[in-house]
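Biologist: Could you take me through one part of this model up close? I'd like the sheet, strand by strand, and then whatever packs around it.

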Amino acid sequence: MTSDPSSVTAFDPDSGEDQPRAALEALIARIEGEIAELQFPRFTKDDSLNLGLLLVELGKGRNMPIAIDITKADQVLFHVVLDGATPDNEHWVRAKQRTAARYEVPSLLVGLRGRLDGGRIEDQGWYDESVYAAHGGSFPIYVAGVGAVATVTVSGLPQQADHDLVVEALREILASMRLG
């Protein structure tokens with residue numbers, strides 16, 4: 001028996017309260033759908049610049065205190081900090097970026113999957129919170145037929161908002177590639 005998605009309360013990854021498993025599963029399914037949707041035909045340094053500048057435009061236009069990073073392996077392709085972002089955002093960018101790169105899925109999905117059986121991935125002895133952060137905001141950039149080739153990360157908002165901003169920008173850049 002599946003639940004009616006319209007009757008499922010949204011899962012809040014920042015809440016410490018008990019939440020319905022169906023809400024968690026619905027959010028996981030949504031993110032898995034985003035992964036399937038956001039497959040790029042290519043991802044060049046020019047594409048990285050366009051994506052970074054779009055995130056700057058979105059962030060500045062909405063007065064968001066965010067840090068933005070696009071990294072391929074160990075090479076930073078784009079990095080900027082907007083007004084209001086703090087030095088802590090730099091730590092979060094790196095930790096979320098390492099998580100998305102290591103697991104080749106969005107950092108939010110890593111944290112959500114860790115909650116499926118109760119608890120959190122951070123509660124596992126092998127998970128090093130000084131290196132990784134299973135919080136939303138970093139999304140691998142997938143090239144169709146290749147896999148994850150880079151990551152785009154935003155930090156400064158609640159983790160779901162960080163994730164959603166990255167997905168919005170990825171959708172817009174991918175749509176422009178399809179038109180161009």
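Let's start at the hairpin: how many residues sit between S4 and S5, and which residue in the turn has a positive phi?

Modeller: There are 3 residues between S4 and S5 in that hairpin, and Gly 145 in the turn is the one with a positive phi, about 80 degrees. Ground rules before going on: this is a predicted model, where local features need pLDDT of at least 70 and side-chain atom pairs count only at pLDDT 80 or more, while totals for chains, interfaces and linings use all residues. Residues are numbered from 1 along each chain as its sequence is written, and side-chain values use heavy atoms, with hydrogens and water left out.

The element names come from DSSP runs numbered from the N terminus: helices are H or I with at least four residues, strands are E with at least two. Two strands pair if DSSP finds at least two bridges between them.

Back to the hairpin. S4 covers residues 138-143 and pairs with S5 in the antiparallel sense over 6 bridges. One spot to click on is Tyr 142, which stands opposite Ala 148 in S5. S5 itself takes in residues 147-155, and 5 bridges join it to S2 (residues 67-72), again antiparallel. There, Ala 67 faces Ser 155 in S5. On the S4 side you'll find S1, which runs parallel to S4 and is joined to it by 2 bridges. Tyr 142 turns up again here, as Gln 39 stands opposite it.

Put together, this is an open sheet of 5 strands in the order S1-S4-S5-S2-S3, and the pairing is mixed. S1 (39-40) and S3 are the edge strands; each has a single partner strand, so one side of each is left without a neighbour in the sheet. As background, strands of a sheet pair through backbone hydrogen bonds, either parallel or antiparallel.

Now the helices around it. H2 (residues 45-61) has 17 residues and reaches 24 Å from its first C-alpha to its last, close to the 24 Å expected at 1.5 Å a residue (that is, 1.5 Å times one less than its number of residues). Its buried residues include Leu 51, Leu 54, Leu 55, Val 56 and Leu 58, along with Gly 52 and Gly 59. Buried here means under 20% relative accessible area, exposed over 50%, partly exposed in between, with a 1.4 Å probe and protein chains only. S2, S3, S4, S5 and H5 are among what covers those residues, going by contact, meaning heavy atoms within 4.5 Å.

Asp 47 also sits in H2. At a relative accessible area of 6%, Asp 47 counts as buried. Setting aside neighbours within four places in sequence, Asp 47 is in contact with Arg 42 and Met 177.

H3 (residues 87-103) also has 17 residues; 24 Å is what they should span at 1.5 Å a residue, and the end C-alpha atoms are 25 Å apart, which agrees. Its buried list is Asn 89, Val 93, Ala 95, Lys 96, Gln 97, Thr 99 and Ala 100. The cover over them includes strands S2, S3 (75-81), S4 and S5, plus helices H4 (107-114) and H5 (159-179). Right after H3 comes Glu 104, with a positive phi near 55 degrees.

So much for the sheet and its surroundings. To tie it up, S4 and S5 form the hairpin, and both strands also appear in the cover over the buried residues of H2 and of H3.
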